[in-house]
Amino acid sequence: MGTLDVMTALLVRLLGVDPLIVPVPILLLGFTITVLWATALVWFAWTLLRVVFSGAAESLEVVRQKQRVVIARGLTRHDFEQVRKGVRAWRLLVVRHGSDDYLRMMAGAADRHAGRMRHEVITMSLGLSASGDVTLSWALPVHRRMGTQFRCFIELRPGEDGGDMLSGMLRHYDEIEVLPAVVANPTRVYFLLKRFRTITAGEGMKHNFVLPE
């Protein structure tokens with residue numbers, strides 16, 4: 001029994017075969033199972049290591065930049081509250097790293113993987129200063145070499161039907177470009193920030209784009 005590999009020994013025990021006289025088919029079957037099992041373990045370990053190292057390398061390529069943008073000036077507290085009370089949250093959607101043109105025409109396999117669709121949602125903070133400046137603050141993950149595509153949106157409060165009103169009010173915010181709704185009765189109002197570059201994605205959608213520093 002001691003000269004048999006693990007899988008063959010298990011087969012011998014399960015089948016009740018004399019361990020001193022093991023038939024050749026059982027020896028071959030046990031050896032084959034052992035090879036397959038070892039191959040599977042090696043593949044799993046290699047895949048795990050590749051994922052870990054790929055994730056670590058990718059995280060080193062991305063830096064979170066703190067952003068603070070004044071989107072309107074001279075607002076009264078009343079005007080600010082009119083918008084804020086109808087908004088559940090201010091969010092930012094990280095679309096992908098890199099521009100569509102670069103990813104389609106020039107990027108290698110590693111950059112195409114890094115530039116896959118993300119759809120990571122980040123919460124933005126809205127504030128009003130004593131002088132009436134309305135500010136948005138957030139931390140944006142920017143790829144050091146390829147930059148990052150994103151677009152912003154507000155979530156409307158459940159049960160509110162003031163989406164058109166809020167869209168109209170947001171259009172008066174100097175640094176905001178409200179995007180047209182693509183569905184009826186939207187629960188989100190998407191907008192771009194004029195401070196950042198705007199690009200058109202492959203699907204014809206407009207996104208903000210931050211270049212690497």
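"Buried" means under 20% relative accessible area, "exposed" means over 50%, and "partly exposed" lies in between (1.4 Å probe, protein chains only). This is a predicted model: local features need pLDDT of at least 70, side-chain atom pairs count only at pLDDT 80 or more, and totals for chains, interfaces and linings use all residues. Residues are numbered from 1 along each chain as its sequence is written, and side-chain values use heavy atoms, with hydrogens and water left out.

**View 1. His97 in strand S2****.** His97 sits in strand S2. Helices (H or I, at least four residues) and strands (E, at least two) are DSSP runs, numbered from the N terminus. Is His97 buried or exposed? Its relative accessibility is 4%, so His97 counts as buried. Leu211 is 114 residues away from His97 along the chain, yet their C-alpha atoms are separated by 9.9 Å.

**View 2. Asp111 in helix H5****.** Helix H5 holds Asp111. Its relative accessibility is 10%, so Asp111 is counted as buried. Gly98 is 13 residues from Asp111 in sequence, and 8.3 Å lies between the two C-alpha atoms. After H5 (109-114), the chain runs through a loop to strand S3 (120-128), and His119 is in that loop. His119 is not a glycine, but its phi is positive, about 55°.

**View 3. The two sides of helix H1****.** Helix H1 spans residues 6-15, and its buried residues include Thr8, Ala9, Leu11 and Val12. Where do the buried residues fall when H1 is seen down its axis? They fall within an arc of 160°, so they line one face of the helix. (The arc is that of the directions from the helix axis to the C-beta atoms.) The face turned away from the buried side carries Val6, Arg13 and Leu14, which are exposed. Val6 has a relative accessible area of 61%. Just after H1 comes Gly16, with a positive phi of about 70°.

**View 4. Helix H1 beside residues from further along the chain****.** Start with Val6, in helix H1. Ile33 is 27 residues from Val6 in sequence; in space, C-alpha to C-alpha, they are 9.7 Å apart. Now look at Leu29, in helix H2 (residues 24-61). Leu29 is partly exposed, at 45% relative accessible area. Thr8 and Leu29 are 21 residues apart in sequence, with 7.4 Å between their C-alpha atoms.

**View 5. An aromatic pair between strands S2 and S7****.** The structure has four aromatic pairs. Rings of Phe, Tyr and Trp (its six-membered ring) pair if their centres lie within 6.5 Å; planes under 30 degrees apart count as stacked, over 60 as edge-to-face and the rest as tilted. How far apart are the ring centres of Trp90 and Phe191? They are 5.9 Å apart, and the planes meet at 75°, so this pair is edge-to-face. Trp90 belongs to S2 and Phe191 to S7, and 101 residues separate them: the pair links distant parts of the chain. Both residues are buried.

**View 6. Phe150 and Phe196, ring to ring****.** This aromatic pair is also edge-to-face, with 5.5 Å from centre to centre and 80° between the planes. Phe150 is in strand S5 (residues 148-156), while Phe196 is in the loop between S7 and strand S8 (197-200), so the pair ties together parts 46 residues apart in sequence. Phe150 is buried, with a relative accessible area of 0%. Phe196 is at 12% and counts as buried. Ring pairs join Trp138, Phe150 and Phe196 into a cluster.

**View 7. The largest pocket****.** Rolling a probe the size of a water molecule over the atoms shows where empty space is left. On a 1 Å grid over the protein atoms alone, a pocket is an open set of points where a 1.4 Å probe fits, with protein on both sides within 12 Å along at least five of seven lines; lining residues have an atom within 4 Å of a point. The volume of the largest pocket is about 510 Å³, the space filled by probe spheres set on the points. Among its 25 lining residues, Arg151, Pro180, Val182, Tyr190 and Met205 are the closest to its centre. Strand S2 (87-97), helix H6 (163-170), strand S7 (188-193) and strand S9 (206-210) each give two or more residues to the lining.

**View 8. Residue classes and a charge over a ring****.** The lining of the largest pocket has 13 nonpolar, six polar and six charged residues. Ala, Val, Leu, Ile, Met, Phe, Trp, Tyr, Cys and Pro count as nonpolar, Asp, Glu, Lys and Arg as charged, and the others, Gly among them, as polar. What sits over the ring of Tyr190? The charged end of Arg151 does, 5.0 Å from the ring centre. (The cut-offs: NZ of Lys or CZ of Arg within 6 Å of the ring centre and within 35 degrees of the ring normal.)
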